[in-house]
Amino acid sequence: MPARVEPLVIALFRRPAGVLLLWLLTASGVIMPPAAALAAVTAEGNVTPAPAASGGNIAAPFFVGDSSLGRLTIAPGTTSTPVTPLSITGGNSAWIGDDAGAIGILDLSSLGFNFSTSNDLHLGNAGVGSATVRNLAQMTVTDDIILGEEAGSTGNLFVDALGSLASAGDDMVVGQAGQALVQITAGGRVAADTVVLGQAATADGTITVSGNTSLWEGRSTITIGDQGRGLLQVVSQARAETAGAVVGNAASGVGSVEVNGANSLWTVGGALTVGLSGEGALRVNSGGRTAVAGAVTIAGSAGSEGRLELNGAGSTLTSASTMTVGNSGFGTFYILAGGRALSSGATLGDQAAGRAEVIVDGDGSAWDIAGSLVISDAGEARMTIATSARVTTTGSVTVGGGGQLLLGGGRLEVGSGTLSNSGLILGGGRIAGNVNNAAAGQIRLGSGSSVTLGALANSGLVSVEGGDLQTSGLVTNNGDIDMRAAVVRLRGGLDNNSGAQLAAVGGAVDVFGAIDNNAGAQIIVGGGARAVFHDSVTNSGQLVVMPGAEALVLENLTLAATSSVSLQLGDDDLDDSLGQLGVGGAAVLAGGLSVTLASGFSPQAGQSFQLLTAAGGRTGMFAAPALPVLEGGLDWDLQYTATSLALSIVPQRSADFNGDGNVDGDDLAAWKAGFGASGGATAIQGDANGDGAVDGSDFLAWQRQVSGGSPAAAAAAVPESTSAALALLGAAALFIKETVARHVNHASGLTSTLPARSRRNACRHSPVAAMNCNCR
């Protein structure tokens, strides 16, 4: 080295920044390496043609280890002999380790001690070929570099230290049919255009980039595991740059990429496919980073398998385009222990043959999607968000028919759109956004699970089995909501629409939020369930309470004229002093009442069922109670009070012509309409004594059984059809007079000594007595 250059170089070498600057300037051509250096070209063994010790040009083909062992070294010399860089010229190639059994070694060891070819370089054609470039030396190949060319061969390239460079002007094949290794360490650099690792089915190619400022540069697409096996490792703050990448290309290809350690970086200037038709894996661990300018596809074609894993705090993957997991193959994407992914959209299970599994798990683990998320477009897909992990979108979320969303304590934040579910949502966590559960969709919460939603529009199934469901907006139910030992907090209230069902199927169920049960809708409280509705319930549809069940409304219960209440009685209801319907506020009754008996249950005389209690008072009555037929001469007695409704078993009342459980003016109207019928008249027509005729004796039966009717008014309502009927009315009037007198004379004495139910019945059958006794 000339004396004027050497002090400058030494001074730069003493400073790391200066070394980098010198390398950059040298690589860019601003500073050219010296034309000659004190070095020696040493050829040992099988090297043909043998180069001069001073270097210079050699006509191709050139062999180091053609048929046996050969070694070529360009290293600092012991004399002052100037050395010119060794250049292989001509239209043929350089071969390092040519024949089977041959070993070729090329060693470039210092600045300016360079090697170049005007065609291809073969490292391990059929034998073993190895090249080492270190200490600022450079190896420049005009065309291709091929390592491990034939099956059974081995090719190695080692590039070490900042400023050391190996460059292919065209392509590089690392493991064409044999085994190959490219190792870049301590700031070395390797560059090529199109790169293939593991080209043939028998091939195995590895590139390892390690250490700060070490760089692998692929100016075009890199294929890792073409038909064979390929591995790219970027570790310990190293970098790899490629224009595009395929990991696991053909069906037999197995490719893997590892980006490991803080500040280790792989950048892909185009699209990245992990598992195109073969098997591919990308693992970014311990703070490593991968940045992709194009789309990311995991498992592209049918039969492929792709796996992408981000593990550890600071481990990131960024995609400027859409990520597809399981396009037509089986793709998995794991974000674990604080890893993070960013993309501009995401589709899981894209095509019909696609299968996808995504797991985002661990505190700090996150996937931020600047767009929409589709879980199962046409294929099958499952996403799990667990243990304080987070997935966010700026657009909508769709869970398709073959999709599953599992919340294991994680959070899904839906952006400006809505989560539309036609698949399955399981577990517990938070969905920050509105949810539309379609007819085929299911939302299932298990024991200990808690899910928080925005507004919910349900046309499918929502099942809360021992869990806690909370909504911050209105719930519009057009499907089924089932609850067992659950807590449901509907902070925006519930509109239960026609055809929909809200069911407490077992255990203690607490429902918060005002409920509108619209016409055609059902609220069902199953056997053994105890449902507490903490806010007001307005029922225009059907309210069903099964035997042994209890529904408690802590606020007001309002029954509309279109509503019906269906109660089924069994042994469990006999000792229920609160009744099947308990109301903490006021109860407004209207509509229909339907009472049925549980299978095998046969009520007995004297039994009584508390149907309803209302602490805030009862107003209104059921318009047309439908009660089951009792045998053995028994009948029902509906007993309304200011705060309750009870149903008792009493001796049969034959004058209840319309069968509504009461003998009243409606039954008198039925008798009037059927008066005079004979020869097979029925009870519905007004035949109380079963003689097949509707006449005055049936009226007397009605008068004896009437509940709160006016005998005088009843007498005035009798038709003037025959003199016999008039005579009968006279007898009836006498009977009424005597009955009234008896009630009046004994109102203050007899009725006060009767049991409460008997006092109520006495007052009900005699309005006059009712004015003179305590009927409560």
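**Chat about S450, N119, N496, a helix and a pocket**

Me: Which strand does S450 lie in?

Reply: S450 lies in strand β47, which covers residues 450-453, and please keep in mind throughout that this is a predicted model.

Me: Is S450 buried, exposed or partly exposed, and why?

Reply: S450 counts as partly exposed, because its relative accessibility is 36%, and the cut-offs put buried under 20% and exposed over 50%.

Me: And which residues is S450 in contact with, leaving aside its neighbours within four places in sequence?

Reply: With those neighbours left aside, S450 is in contact with G428, G429, L445 and D468.

Me: How far apart are S450 and L407 in space?

Reply: From C-alpha to C-alpha, S450 and L407 are 9.2 Å apart, while in sequence they are separated by 43 residues.

Me: Zooming out, how many helices and strands does the protein have?

Reply: There are nine helices and 71 strands in the protein, and of its 776 residues, 53% count as buried.

Me: What share of the contacts in the protein with a separation of 6 or more comes from residues 24 or more positions apart?

Reply: Residues 24 or more positions apart account for 61% of those contacts.

Me: Back to single residues. Where does N119 lie?

Reply: N119 lies in a loop, the one between β9 (115-117) and β10 (121-123). N119 is nevertheless buried, because its relative accessible area is 18% and the cut-off for buried is under 20%.

Me: What does N119 touch, not counting residues up to four places away in sequence?

Reply: N119 touches G90, G91, N92 and S93, and also V141, T142, D143 and D144. With G91 there is a polar contact too, in which the side chain of N119 reaches the backbone oxygen of G91 at 3.0 Å.

Me: Now N496: which strand, and is N496 buried or exposed?

Reply: N496 is in strand β54, residues 494-496, and N496 is buried, with a relative accessible area of 0%.

Me: Which side chain joins that of N496 in a polar contact?

Reply: The side chain of N477 does, at 2.7 Å. In addition, a polar atom of the N496 side chain lies 2.9 Å from the backbone oxygen of Q522. Both N477 and Q522 are among the residues that N496 touches, and the others include Q501, L502, D516, N517, N518, A521 and I523.

Me: How far apart are N496 and G520?

Reply: They are 24 residues apart in sequence and 9.1 Å apart in space, C-alpha to C-alpha.

Me: Changing topic, which residues in helix α3 are buried?

Reply: In α3, which runs over residues 665-674, the buried ones are D667, L668, A670, W671 and G674. Looking down the axis of α3, these buried residues fall within an arc of 160°, so they line one face of the helix.

Me: What caps the N-terminal end of α3, and what follows the helix?

Reply: D664 is the cap, with a side-chain oxygen 3.2 Å from the backbone nitrogen of D666. After α3 comes G676, whose phi is positive, near 100°.

Me: Last one, the second largest pocket: what volume does it have, and which residues lie nearest its centre?

Reply: The second largest pocket has a volume of about 300 Å³, and of the 18 residues that line it, D635, Q652, R653, D656 and G659 lie nearest its centre.

Me: And how does the lining of that second largest pocket divide by class?

Reply: The lining has nine nonpolar, four polar and five charged residues.

Conventions:
Residues are numbered from 1 along each chain as its sequence is written. This is a predicted model: local features need pLDDT of at least 70, side-chain atom pairs count only at pLDDT 80 or more; totals for chains, interfaces and linings use all residues. Side-chain values use heavy atoms; hydrogens and water are left out. On a 1 Å grid over the protein atoms alone, a cavity is a set of points where a 1.4 Å probe fits but cannot get out, and a pocket is an open set with protein on both sides within 12 Å along at least five of seven lines; lining residues have an atom within 4 Å of a point. Grid points are joined across faces, edges and corners, and a volume is the space filled by probe spheres set on the points. Ala, Val, Leu, Ile, Met, Phe, Trp, Tyr, Cys and Pro count as nonpolar, Asp, Glu, Lys and Arg as charged, and the others, Gly among them, as polar. Helices (H or I, at least four residues) and strands (E, at least two) are DSSP runs, numbered from the N terminus. Buried means under 20% relative accessible area, exposed over 50%, partly exposed in between (1.4 Å probe, protein chains only). Contact means heavy atoms within 4.5 Å. The arc is that of the directions from the helix axis to the C-beta atoms. A polar contact is a pair of N or O atoms within 3.5 Å; within protein, one must be able to donate a hydrogen and the other to accept it, and residues adjacent in sequence count only if both atoms are side-chain atoms.
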